[in-house]
Amino acid sequence: MIPILDSKRQYAKIGNDVEKAVCEVLRSGSYILGPNVKALENELAKYIGCNYTVGLNSGTDALHIALRALDIGKGDEVITTAFTFVATTESIEIVGATPVFCDIDPDTFNIDANKIEALITPKTKAIMPVHLYGQPCEMDKIMDIAKRHNLYVIEDCCQAIGAEYKGQKVGTFGDIGCYSFYPTKNLGGMGDGGLITVNSENLKNRIVALRNHGGAIRYHHDEVGVNSRLDEIQAAILRVKLNYIDEWNKARREHAAIYNDLLSSCSDIKTPSELHDTYCVYHQYTVKIPNRDEIHKMLQEAGIGAMLYYPIPLHMQKVHAHLGYKMGDLPNTEKNTEMVISLPMFPELTLEEQKTVASTLISCIEKSKALA
Ligand SMILES: *Cc1c(COP(=O)(O)O)cnc(C)c1O
């Protein structure tokens, strides 16, 4: 059995440091918004390269608090992708705004920057690109469109901590960047957590207030906020793990290169492409194959933990049915949804395991072709 992700292997390496950090928090008596959250916010601002970061309860909260902080709500449209996790578009619905789906570039799986402009209306307030699977979007083009049309940009960086576009980390191009520390992410806590990156001091202050019941001063409430505070235990764990993030992302990139090589002999497999001058962090290693569902089943039976991210495009989900999209509206999104499969990917994955994954995938494809 080769799992898609094995968190236990990581814990075996860093467990002692994590346990020490957690015990210190337990003994300290300070459990919410204490010194570890402050320190993590500073360390991540430095690492990502922005003026401020604000620790939150989840990536989902980061996304809808970002929209709230920019006063985006009822009657406003936000252009985004349907090829992502539901939290991206859910956040737009949470604030009462309308998601407008832009098709993807089939090579990168990200929003097709060349198709954004045609979707802009007088109601458009923001573009929400998602750096899916750890691959940066075309930020030059997106920022150029945003500037010309006076739109906000909120980057969904939940799968892309450490990823770079032209030497600059994602989350620093737009007005706000949103990160998740869900345990399976490249920098994952041991519970839920999230973070916003921001350069404007005013926006930062608004976000700090929104995360804690809408007031900067205790028991003074200026607006309706939420409780979305990052806790000290998660912050302490994340601070231990932050020391390894570059090493872990580098290992993911090395694994991706090895997979590319191992799979190159099979012309039915389309391996991931990278945009020029980007640093992808391979949250997922996702290939395109024919007969995907059948091969997925064969891989599962062979003990390979492959996954489908995501099996239904968001414009076809019940939650967004009221928007009135139909099959055929986003051809690249729909076609890619049927073909993608993500293979085991985590820093501790071994070369032997990669060889097994690759040879099993190739033989499953050959078997399925022989059956056809
Ligand atoms: C994980 C994820 C989120 C949500 O993060 P949570 O911390 O689970 O709320 C949002 N967008 C994308 C693209 C994600 O992968």
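These legends go with a set of close-ups of a predicted model.

**View 1. The seven-stranded sheet, from edge to edge.** Here's the big picture for the strands: 7 of them line up as an open sheet, in the order E1-E9-E8-E5-E4-E2-E3, and the pairing is mixed. The edges belong to strand E1 (52-56) and strand E3 (98-102); each has a single partner strand, so one side of each is left without a neighbour in the sheet. On average, and ignoring direction, neighbouring strands of this sheet are turned by 25° against each other.

**View 2. Strand E5 and its surroundings.** Now zoom in on E5, which covers residues 152-156. Is it enclosed or open? Largely enclosed by the rest of the structure, because 4 of its 5 residues are buried; the cut-off for that word is under 20% relative accessible area. In the sheet order, E5 sits between E8 and E4. Toward strand E8 (residues 176-180), E5 pairs in the parallel sense over 3 bridges, and one residue match to look for is Asp-156 with its bridge partner Cys-178 in E8. Toward strand E4 (residues 124-128), E5 is joined by 2 bridges, and the two strands run parallel. On that side, Tyr-152 of E5 stands opposite Ala-126.

**View 3. From E4 over H5 to E5.** What do E4, helix H5 and E5 make together? A right-handed β-α-β unit, with the helix spanning residues 139-149. H5 lies across both E4 and E5, and it runs at about 150° to E5. That angle makes H5 roughly antiparallel to E5, because anything over 145 degrees counts that way.

**View 4. E4 meets E2.** Step to the other neighbour of E4 in the sheet order, and you reach E2. Strand E2 (residues 77-81) pairs with E4 in the parallel sense, over 4 bridges. A handy landmark here is Ile-79, whose bridge partner in E4 is Ile-127.

**View 5. Helices H1 and H7 packed together.** Helix H1 (residues 7-28) packs against helix H7 (residues 232-242), with the axes 9 Å apart and an angle of about 140°. The two helices are therefore oblique to each other, and H1 passes H7 in a right-handed crossing. Which residues meet here? From H1 come Gln-10, Ile-14, Asp-17, Val-18, Ala-21, Val-22, Val-25 and Leu-26, and they meet Glu-232, Ile-233, Ala-236, Ile-237, Val-240 and Lys-241 of H7.

**View 6. Helices H3 and H6 packed together.** This pair brings helix H3 (residues 59-69) up against helix H6 (residues 201-210), at an angle of about 125° and with axes 10 Å apart. That angle makes H3 oblique to H6. The crossing is right-handed. On the H3 side, look for Ile-65, Arg-68 and Ala-69; on the H6 side, their contacts are Leu-203, Arg-206, Ile-207 and Leu-210.

**View 7. The three-stranded sheet.** This open sheet has 3 strands in the order E7-E6-E10, with antiparallel pairing. Its edge strands are E7 (168-169) and E10 (278-279), each pairing on one side only. Strand E6 (residues 164-165) is joined to E7 by 2 bridges, and these two run antiparallel. To find the spot, look for Tyr-165, whose bridge partner in E7 is Gln-168.

Technical notes
Residues are numbered from 1 along each chain as its sequence is written. This is a predicted model: local features need pLDDT of at least 70, side-chain atom pairs count only at pLDDT 80 or more; totals for chains, interfaces and linings use all residues. Side-chain values use heavy atoms; hydrogens and water are left out. Buried means under 20% relative accessible area, exposed over 50%, partly exposed in between (1.4 Å probe, protein chains only). Two strands pair if DSSP finds at least two bridges between them. A crossover is right-handed if, with the strands pointing away from the viewer, the path from the first strand over the helix to the second runs clockwise. Axes are lines fitted to C-alpha atoms, for helices over the stretch in contact, and angles run from 0 to 180 degrees between N-to-C directions. Angles under 35 degrees count as roughly parallel, over 145 as roughly antiparallel, 65 to 115 as roughly perpendicular and the rest as oblique. A crossing is left-handed if the near helix is turned anticlockwise from the far one by less than a right angle, and right-handed if clockwise. Contact means heavy atoms within 4.5 Å.
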